Structures are given as C-alpha cells and as structure tokens.
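Let's take a walk through this one together, chain by chain. Keep the viewer open and turn it as you read.

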Amino acid sequence: MDAIDFLVKHHRQLEQQLTTLKRSETVDQNAFDALADSLAAHITVEEEIFYPAVKARRTEEILLESLEEHLSLKRVLADLLDLGAKDQKFSPKLHVLAEQAEHHHEEEEEHLFPKVRKVLDDAHRETLGAEMSARMTALMQASPRDRVRSQTAESAALA
Amino acid sequence: MPKKTKSNKSEPAAIKMLKDQHREVEELFEEFEGAAQNEDSEKARELAGVICEKLTLHATIEEEIFYPAAQSEETADQLEEAAIEHISAKRLIADVAEATSDKKLKALMSVLKEQIEHHVEEEEEELFPKAQEALSEDEMGPLATHMEERLEELKERGLGKLDIQSAAEAGDEDEEDDEDADEEDDELDDADDEEEDDEESAELDEEEDEAEAPKRMPAIAKKTAGRRKAS
C-alpha cells in the first residue's frame, strides 16, 4: 500500500477510536489501551521509518514541527495511562488528546503529505508503505503504549 | 480570530483584560515568525522569551484567580480542559527555554502558537460567555483589579522570565557551520530558494531530495549530533 494512503487510513481509524471513547459515558480501560497502542505504534512507525525516509529540504521544517507535536501527544498519552480511565481528570485530558491528534493529522495531510508526493515517487511510496505496515504489525504485538512513558523528555531526532 | 461574543451585558473588565492579553500575544507570535523567517536569531530568541513570559504570567493569573472564580456546573468541564491545555503549553515553554538551535526553536514556537490559538478560541467562544452568564456583576467586578495586582506582583518576582541567551550562542555557531558546507549543500540551498514555486525547481529538488539517501543532508545530521553533545 502507498505509504501516504496507509497513514491517512490509520489517521481515520485513530480518530474513530477517539470519538468512540469520548462519547462513552464510562471509558473502558481496555478500549483506551487499544487506542493508546494504536497511537503509540503510529507515532513510532512515523518516527522510525516515514519521517527519515521523507526528509528533504522542503520537508524538514514541517517534520521538525511534527516531531514536537508527537512529543506533546506522547506527554498527554502518558498522563492518561498514568491516570487510568476511572480518574476524574481522564475525560478532559482525553478531549485534549483528541484535539491535538486531529490537529496533527490535519497538518500532515495538508502540508506534509503533498510535499512527500513530490519527494518520493509511486514505487518508493509503495515500498515504504509495505515496510511501515510490517513494522506496525510487529509493534502492535508488544504493547507499544508501554514505551510512551519513557519518551516524554524530548522530541525524537530527525534521523 | 475568535468571533465577538454576543451578550446583553457589557463586557466585564476581567474578560476584556484576558482578551487583550490574547491579542497581544498573537501579535508577538506574528513578530516572532517574521524574525524567524528573516533568520534574525537574536530578535527571534528575544521575542520567544517575551512570549513565554507573558504566557506564563497570563496562565498563572487565570489559574489563581479567574478559573476558580468562574467555577460552576456550567463551566466545570471547560475549566478542566483549559487547565490541561495550560499544562501542555507549559511543557512546550520549558522546551523553548532549552532549544539549542534556531530550527528547533521555530518548530517549538510554531506548535506553541497553534496550541495557544486553539486554547484562546475555546476560552473566548465557550468559557468566557459562560463565565459571564454565571457570574453577577458584583462577582465579576473585582476580578480585573485583583488579576492586575497579582500580575504586577508576579512580574516583579520575575515569574516566567526565560533566559535563552546561551542557546542563541549555540545557534550562531550553527550559522557559521553552514559556511563550511560542501558544494553539494550549496546546490541544495539554491534548490531550496525555489521551494515555494516547486514547479520551477522540481527536477533539481527531485534529485537532491531523493529521500532514500540519508547522506544527502550530512551537514544537518552532523549539526544535530553536535548540539546534542553541547547541551
């Protein structure tokens, strides 16, 4: 699958999970953990594979901003994992996570991905998509959310 | 820009004060972007410091005075969310204080600006109108004076002051490094100048941007490594 299509599709999945969680009267911890895993894996795949692969003069600035947005997301996500779904502050915190995630997706889709299409041709994006998909599957088997707490001190480097 | 709120009551001084501070910071963010665009590192860092100080002071008087006063069943959820957004912004401000390169500073300030814009919009469109409804004029009246006094007190104490001058020196060194960049990088710079009109330089960029080859941006990779060690 095309790397961009893969990420966009996953954005919609994450947003759907977030919307479902926000709407439920009492948040099920397992459902939140599933979202936390998906979001953590998404961020990891982008930071490990996608961002380094699309780094170029014209994308560098937005990639650096994206990495800071990832850090902000990871911090809110780590807070939520620490709080647990039963905490009173969980719901407003979840709202903030959803808003920051939606904003970040919008920026990537409107500003980064169009540039990526110019940087990488169809064949490259196809290969990259396959690599990302495989990595995502592997990550999802090992509770990727558990790694988030150790990643809140500074933004990932643009390798 | 958030819409003006419609209300029968005239706008209370406390809300006007907070909105004026929002406008002031928005203008400063614009100025920062101008300075960053012009690669005026010194000016950008000075403005970043001023913005972060103002945001810290603003957040503090809101948290200490306005939010508790505005607390009601109607506003509870929004106040919780607003306080959480303050935490997110404060973490970014702490990162700004340690930004070791101009590029990193620009990225952080951009994220901070967007988060503040969002937060301000929610306050002005949802929280403030509700607070205005919930509070009587007698309750709202003294808040502005109270906040102004506290603001002066906090300013005198130096709350929110950010010293990012030492980081500016690191930034300057980076600029000098750029001059040592090899020919390939000079070509990259040329291509970059055309970036906004991608069509013109598409071919050049295509070649230089070939993202499969990470060696294409050696200077930046080296610089990033250097900053890490230095910090």
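Before anything else, a word on labels: helices here are DSSP runs of H or I with at least four residues, numbered from the N terminus. With that numbering, B:Glu39 sits in the loop between H1 and H2 of chain B. Keep in mind throughout that this is a predicted model.

B:Glu39 is a nice place to pause. Its phi is near 55°, a positive value in a residue other than glycine. How is B:Glu39 placed, buried or exposed? Exposed, because B:Glu39 has 12 C-beta neighbours inside 10 Å, and a residue counts as exposed with 12 or fewer.

Now zoom out to the chain that holds this loop. Chain B contains nine helices and zero strands, so if you read along the sequence you just get α-α-α-α-α-α-α-α-α. Of its 231 residues, 34% count as buried. As for how chain B is held together, take the contacts with a separation of 6 or more: 76% of them come from residues 24 or more positions apart.

Let's pick one pair of helices in chain B and look at how they pack. Two packed helices are described by the angle between their axes and the distance between the axes. For H1(B) and H4(B), the latter covering residues 102–134, the angle is about 160° and the axes are 11 Å apart. That angle is why H1(B) counts as roughly antiparallel to H4(B), the cut-off for that label being over 145 degrees. H1(B) passes H4(B) in a left-handed crossing. If you want to see who does the touching, H1(B) contributes B:Ile15, B:Lys19, B:His22, B:Val25, B:Phe29, B:Phe32 and B:Ala36. On the other side, the contact residues of H4(B) include B:Lys106, B:Met109, B:Lys113, B:Ile116 and B:Val120. The spacing in such lists is worth a thought: an α-helix has 3.6 residues a turn, so residues three or four places apart point the same way.

Next along chain B is H5(B), residues 137–157. Does the helix have the length you'd expect, or what span should 21 residues give? At 1.5 Å a residue they should span 30 Å, and the end C-alpha atoms are 31 Å apart, which agrees. Within H5(B), B:Met140, B:Leu143 and B:Met147 are buried. What covers the buried residues of H5(B) includes H1 (13–37) and H2 (41–70) of chain B. H5(B) is followed by B:Gly158, whose phi is positive, near 85°.

Over to chain A. This one has five helices and zero strands, giving the pattern α-α-α-α-α along the sequence. Its C-alpha atoms fill a box of roughly 45 × 25 × 25 Å along the principal axes. A compact globule of 159 residues would have a radius of gyration near 15 Å, and chain A has 15 Å, which agrees. Buried residues make up 42% of chain A. Among its contacts with a separation of 6 or more, 83% are between residues 24 or more positions apart.

Chain A has a helix pair to look at as well. H3 (residues 57–83) and H4 (residues 90–119) of chain A have axes that come within 10 Å and cross at roughly 160°. H3(A) and H4(A) are therefore roughly antiparallel to each other, and H3(A) passes H4(A) in a left-handed crossing.

Stay on helix H3 of chain A and find A:Glu65. A:Glu65 is buried, with 23 other C-beta atoms within 10 Å; the label applies because 20 or more are needed. What does A:Glu65 touch, not counting residues up to four places away in sequence? The residues are in chain B: B:Ala107, B:Ser110 and B:Val111. A:Glu65 also lies 9.8 Å from A:Glu107, C-alpha to C-alpha, although the two are 42 residues apart in sequence.

Two more stops in chain A finish the tour. A:Gln13, in helix H1 (residues 3–23) of chain A, is partly exposed, with 13 other C-beta atoms within 10 Å. Last comes A:Ser143, in the segment after helix H5 (122–140) of chain A. A:Ser143 is not a glycine, but its phi is positive, near 35°. With 13 C-beta neighbours inside 10 Å, A:Ser143 counts as partly exposed.

How values were computed. Residues are numbered from 1 along each chain as its sequence is written. Chains are lettered from A and ligands numbered from 1 in the order in which they are written. This is a predicted model: local features need pLDDT of at least 70, side-chain atom pairs count only at pLDDT 80 or more; totals for chains, interfaces and linings use all residues. The expected span of a helix is 1.5 Å times one less than its number of residues. Two residues are in contact if their C-beta atoms, placed from the backbone, lie within 7 Å. The radius of gyration is taken over C-alpha atoms; the globule rule is 2.2 Å times the number of residues to the power 0.38. Axes are lines fitted to C-alpha atoms, for helices over the stretch in contact, and angles run from 0 to 180 degrees between N-to-C directions. Angles under 35 degrees count as roughly parallel, over 145 as roughly antiparallel, 65 to 115 as roughly perpendicular and the rest as oblique. A crossing is left-handed if the near helix is turned anticlockwise from the far one by less than a right angle, and right-handed if clockwise.
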